[in-house]
Amino acid sequence: MRKSIARPGTVQRWRSTAAIARSAALSLCAGIMPPDSAPFVFRALVFLFFLSACVLFWFVLYRSADYSIDLPLPVPFAGSSSSSFNNNHRHAIFAHILPSEAANSPPENEELKLERVLKDAAMEDQTVIITTLNEAWAASDSVIDLFLESFRIGDHTRRFLNHLVIIALDQKAFARCLLLHTHCFTLVTEGVDFSGEAYFMTTDYLKMMWRRIDFLRSVLEMGYNFIFSDADIMWFRDPFPHFLPNADFQIACDHFLGNPYNVNNIPNGGFNYVKSNNRSIEFYKFWYSSRETYPGLHDQDVLNIIKFDPFIMNIGLEMRFLDTAYFGGLCEPSKDLNLVSTMHANCCVGLESKLHDLRIMLQDWKEYMSMPPSLKRSSQATWRVPQSCK
């Protein structure tokens, strides 16, 4: 490659200009102005102005870059995972240094963010496990910690953490999710604060429940099957062997009447397995729109009404109810620890009561798992709960 070499004449002219500038500056400082030096002084002043402008420009750019590195981490209004959070941070740095470049980069669409999270978490058959989290349940040593612990101490359930997506309903819950888990997404509802403990049947509780139904409909429309699980449900065994193969919508029960086809079973919306197809999508749209038909009721009570509606039969939805022997709860506990897959802290009011009984539930499971296999099979081990949740 040919190198570019400045001509000797060009170098000489720059040197002469610099010498003149120094001479002129000294002359001005001393109060001496030779009569024939005016053109040279003008050239010298122009040179000094140009040189000062260049130095100032590079100084400002350097200071901007240095300051941007020390910027605090931004809190994204929606996100997906710790990697995307870091990308947002880098984008904020570049926006500080080069605002015009950042302005030309449109923000990522929320649906694309969700799609990326679901794709990263999905099983081979496009199934994800979903739970929701707000600030009250995200606090240290609160519900979310017990929920994740159950996967780790369960019987071959740790692997399901790879497919769990935590939907944060506020920014503090999202920040805690990033510390604890891989697949996180924020679902912030404008004008609604879901961060505090939502007491049963309050206005915030109802809004939270219905927001959940609408969100799950969108997951189905994106082509993903899901298991939705409240975070106060402990996972102890693989639930898939106990799902019925031809059902579109399967749901746990507060009270199970012995027949999974019996629509008189009392369902609990905290745990359900739903396959993505036209029938399930139409059903979720119908369920969500029914909140206007039955104002003041939460999603579970509305489901108890619409499960008898002819619309369900017309769209061909196959609805099944899960046996509490496998999918138990404090309303109707699983009696045999050799069978249980999940246990729900339902029929329980108040966060402290819920946490108390969940901790006992985990301790009961640990003691059961510590038994020799032969003793497990022959034992009649059961739960010591409910206690505070009575």
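This is a working chat about helix packing, strands and some backbone features of the structure above.

User: Before we start, what kind of model is this, and which pLDDT limits apply?

Analyst: The model is predicted, with local features needing pLDDT of at least 70 and side-chain atom pairs counting only at pLDDT 80 or more, while totals for chains, interfaces and linings use all residues. Residues are numbered from 1 along each chain as its sequence is written, and side-chain values use heavy atoms, with hydrogens and water left out.

User: Ok, helices then. At what angle do α7 and α13 pack?

Analyst: α7 and α13 pack at about 15 degrees, with their axes 10 Å apart; axes here are lines fitted to C-alpha atoms, for helices over the stretch in contact, and angles run from 0 to 180 degrees between N-to-C directions. Helices (H or I, at least four residues) and strands (E, at least two) are DSSP runs, numbered from the N terminus. That angle makes α7 roughly parallel to α13, where angles under 35 degrees count as roughly parallel, over 145 as roughly antiparallel, 65 to 115 as roughly perpendicular and the rest as oblique.

User: And which hand does the crossing of α7 and α13 have?

Analyst: α7 passes α13 in a left-handed crossing, a crossing being left-handed if the near helix is turned anticlockwise from the far one by less than a right angle, and right-handed if clockwise.

User: Which residues of α7 and α13 meet there?

Analyst: From α7 there are Val 143, Leu 146, Glu 149, Ser 150 and Ile 153, and they meet Leu 351, Leu 355, Leu 358, Arg 359, Leu 362, Trp 365, Lys 366 and Met 369 of α13, contact meaning heavy atoms within 4.5 Å. The residues of this contact divide into 9 nonpolar, 1 polar and 3 charged, with Ala, Val, Leu, Ile, Met, Phe, Trp, Tyr, Cys and Pro counted as nonpolar, Asp, Glu, Lys and Arg as charged, and the others, Gly among them, as polar.

User: Is Ser 150 buried or exposed?

Analyst: Ser 150 has 0% relative accessibility and therefore counts as buried; buried means under 20% relative accessible area, exposed over 50%, and partly exposed in between (1.4 Å probe, protein chains only). Ser 150 belongs to helix α7, residues 143-153.

User: What does Ser 150 touch further along the sequence?

Analyst: Leaving out residues up to four places away in sequence, Ser 150 touches Thr 157, Ile 233, Met 234, Trp 235 and Leu 362. Its C-alpha is also 9.5 Å from that of Arg 237, although the two residues are 87 apart in sequence.

User: Trp 235, what is its bridge partner in β10?

Analyst: The partner of Trp 235 is Thr 342, and β5 and β10 (residues 342-344) run antiparallel, joined by 3 bridges. They belong to an open sheet of 3 strands in the order β5-β10-β9, with mixed pairing; two strands pair if DSSP finds at least two bridges between them. β5 (233-235) and β9 (327-329) stand at the edges with a single partner strand each, so one side of each is left without a neighbour in the sheet.

User: Switching to β1, how many of its residues are buried?

Analyst: In β1 (residues 127-133), 7 of the 7 residues are buried, so the strand is largely enclosed by the rest of the structure. Thr 127, Ile 129, Thr 131 and Leu 133 point one way, and Val 128, Ile 130 and Thr 132 the other.

User: What does β1 pair with?

Analyst: β1 pairs in the parallel sense with β4 (residues 225-229) over 4 bridges, Val 128 standing opposite Phe 226. β1 also runs parallel to β2 (residues 164-168), to which 5 bridges join it, with Ala 168 of β2 as the bridge partner of Leu 133.

User: Last topic, backbone oddities. What is phi of Gln 126 and of Cys 347?

Analyst: Most residues other than glycine have a negative phi, and most peptide bonds are trans. Phi of Gln 126 is near 70 degrees, and this residue lies in the loop between α5 (110-121) and β1. Phi of Cys 347 is near 50 degrees, also a positive value, and Cys 347 is found in the loop between β10 and α13 (351-369).

User: And where is the cis peptide bond?

Analyst: The cis bond joins Val 385 and Pro 386, with omega about 10 degrees, and Pro 386 lies in the segment after α14 (373-378).
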